[in-house]
Amino acid sequence: MNGELDITILDPHWQQLRSLLEVGQGHEASAYLKLGVSVIAADPWTRLPRTRLVSHSFLEVAEPDRISSSPLHVTWSTRGYMRLLSEAMNVDLMPAIVHTHPGGSAFFSEQDDANEAELARTARLKGTRGLASIVLGGDGSVAARIWLPSGEIAVAQSIRSVGGRVQSWSSGKPADDAPHLDRQARLFGDSFNAQVRALRVAVVGCGGTGSAAALLLARLGIGHILLIDKDTLDETNLNRVHGSRRNDATSPTNKVDISEREILAAGLGTRVAKVVGWAGEPELRDGLKSCDFIFGCTDDHSGRLLLNRLAYFYGIPVIDVGLRMRPVAGGHDIFGRVTTLVPEHPCLLCGKVINARRAGEESLERSDPDEFHKRKQEAYVMGAGDPAPAVVTFTTEMACVAVDELIAALTGFHGKDGMIPNRARRFHARDDRFLAVAQLPGCPLCSQEHYWGRGDVQPFLDVIG
């Protein structure tokens, strides 16, 4: 393991872990996890390596394996532990042990040090990637560390649970005070500002919705923003790309450069990284994997397909934004959508947002443009039609709705479940709808729990081609 260590626990597993505090009835309790591993060679802001672990599955300690427990200790047979090590080895996951401190805070005692050293030695002999250990305190605190094969111990700098609500715990240095964020602290409390300043957020697509979202995120206090877009500004973008100027179109300027310029000009302390490219390029994987949230503001199906899978494999919430504007007989059809992607929310395939055939054609156009144009001439690909209508007020309003979902994940301001899975605004009909999109039976992504928290696999995201 290199660099800083982060641990993400998906909400279904988090709820199972929290239940240990209840079933233990004041006594310590234990369980196992298997964790996916995400190796980041270079964080886009610091250029330093990082490792992120994400929960893949929860395993109970079987009743026959439980030996004794009290408010101050828990012991169990190693039979289940040996099975855990074997299962983790077979699929290249990291094993983890979990126990509770129901009467106090989460910390590692001297007894934990002694017991875990022996368990870690067994894991090392078995050939695992290490052994993670997590402690849950009855006061709501969490602590975590990894026993590495080298014998060293790495302490997790941050731990978070991810679902409709996102909670985080940090052992790092808190962010400095930010007086310009005082007014939002008066609504959500001082801890809110500390949370947002610690976040790493990507904006994929810096057009009408993406440019608005990027500037809103900076004003909200997000500490690190990654901007991704392959396009330069043209004259028809001036009506909706925030921060753009006439000379950005006459001397074609990359959209990411425009958003970066405006964020840095505000002088609010946001660190900006940028990439001129498509989200699916291999060089961008580290950047995306480094993020705590991703805003999907792209209008291409292949980009959406990639982010759709990434959300489930890595436990990184994706907030996807889409708009459709068109004149119709006797009026207009103006529709905006925000979809939030986390395990237990239906994915973009279930919502029929992605056209898989079109996604394949877009990928072909990037990888083999000659073949793409040949097939287009032969009518084997759908191709692109005329430019879609776009109006700045509608794109900006949906960017606001999307950023509100991030705030809901951190605060639950519009309900205890946090982010709404699917939200639609029909501007022409003057209404909002909260669409109950059903998970498609046998969906090849979101219904497959073996993909949740899987982390790094070969090929990337288990996609060939």
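The following exchange between a trainee and a mentor goes through the sheets, helix packing, cores and backbone features of a predicted model.

Trainee: In the open sheet of 8 strands, which are the edge strands?
Mentor: The strand order in this sheet is 14-13-12-15-16-17-18-19, and the pairing is mixed. The twist from one strand to the next averages 15°. Strands that pair on one side only stand at the edges, and these are strand 14 (271–275) and strand 19 (431–434).

Trainee: Which residue is the bridge partner of V204 in strand 15?
Mentor: Strand 12, covering residues 200–204, runs parallel to strand 15, covering residues 293–296, and 4 bridges join the two. Within this pairing, V204 has as its bridge partner in strand 15 the residue G296.

Trainee: Helix 10 lies across several strands; at about what angle does it run to strand 16?
Mentor: Helix 10, made of residues 301–314, lies across strand 12, strand 15, strand 16 (318–328) and strand 17 (331–341). Strands 12, 15, 16 and 17 follow one another in the order of the open sheet. Relative to strand 16, the direction of helix 10 is at about 150°.

Trainee: Is the crossing of helix 2 and helix 3 left-handed or right-handed?
Mentor: Helix 2 (residues 79–90) packs against helix 3 (residues 110–126) with the axes 10 Å apart and at an angle of about 40°. The handedness of this crossing is right-handed.

Trainee: How do the residues of the contact between helix 2 and helix 3 divide into nonpolar, polar and charged?
Mentor: Helix 2 contributes Y81, M82, L85, S86 and M89, while helix 3 contributes L119, A120, T122, A123 and K126. By class, the residues of this contact are 7 nonpolar, 2 polar and 1 charged.

Trainee: Which helix gives the largest share of the largest nonpolar core?
Mentor: This core has 41 residues, and those touching the most other members are L217, F293, F295 and L406. Leaving aside residues up to four places away in sequence, F295 touches V201, A202, V203, V204, L217, I319, A402, V403 and L406. Another core, of 36 residues, lies apart from it and has I228, Y314, L341 and C347 among its members. The largest share of the 41-residue core, 10 residues, comes from helix 13 (residues 392–411).

Trainee: Why is strand 3 described as largely enclosed by the rest of the structure?
Mentor: Strand 3 is joined to strand 1 (residues 4–10) by 5 bridges in a parallel arrangement, with T51 of strand 3 as the bridge partner of L5. Strand 2 (residues 30–40) pairs with strand 3 in the antiparallel sense over 10 bridges, and here L33 stands opposite F58. Strand 3 spans residues 50–60, and it is largely enclosed because the number of its 11 residues that are buried is 9.

Trainee: R47 and R430 have positive phi values; is R430 buried or exposed?
Mentor: R47, in the loop between strand 2 and strand 3, has a phi of about 65° although it is not a glycine, and its relative accessibility of 57% puts it over the 50% cut-off for an exposed residue. R430 belongs to the loop between strand 18 (422–426) and strand 19, and its phi is near 55°. With a relative accessible area of 80%, R430 is exposed.

Trainee: Which peptide bond is cis, with omega near 0°?
Mentor: The proline concerned, P459, is found in the segment after strand 19. The cis peptide bond is the one from Q458 to P459.

Terms used
Residues numbered from 1 in each chain as written. Predicted model: local features only at pLDDT ≥ 70, side-chain atom pairs only at ≥ 80, totals over all residues. Heavy atoms only, no water. Pairing = 2+ DSSP bridges. Helix = DSSP H or I, 4+ residues; strand = E, 2+ residues; numbered from the N terminus. Axes fitted to C-alpha atoms, helices over the stretch in contact; angles between N-to-C directions. Contact = heavy atoms within 4.5 Å. Left-handed = near helix turned anticlockwise from the far one by under 90°. Nonpolar A, V, L, I, M, F, W, Y, C, P; charged D, E, K, R; others polar. Core = buried A, V, L, I, M, F, W, Y, C linked by side-chain atoms within 4.5 Å. Buried < 20%, exposed > 50% of the residue type's maximum accessible area, 1.4 Å probe, protein only.
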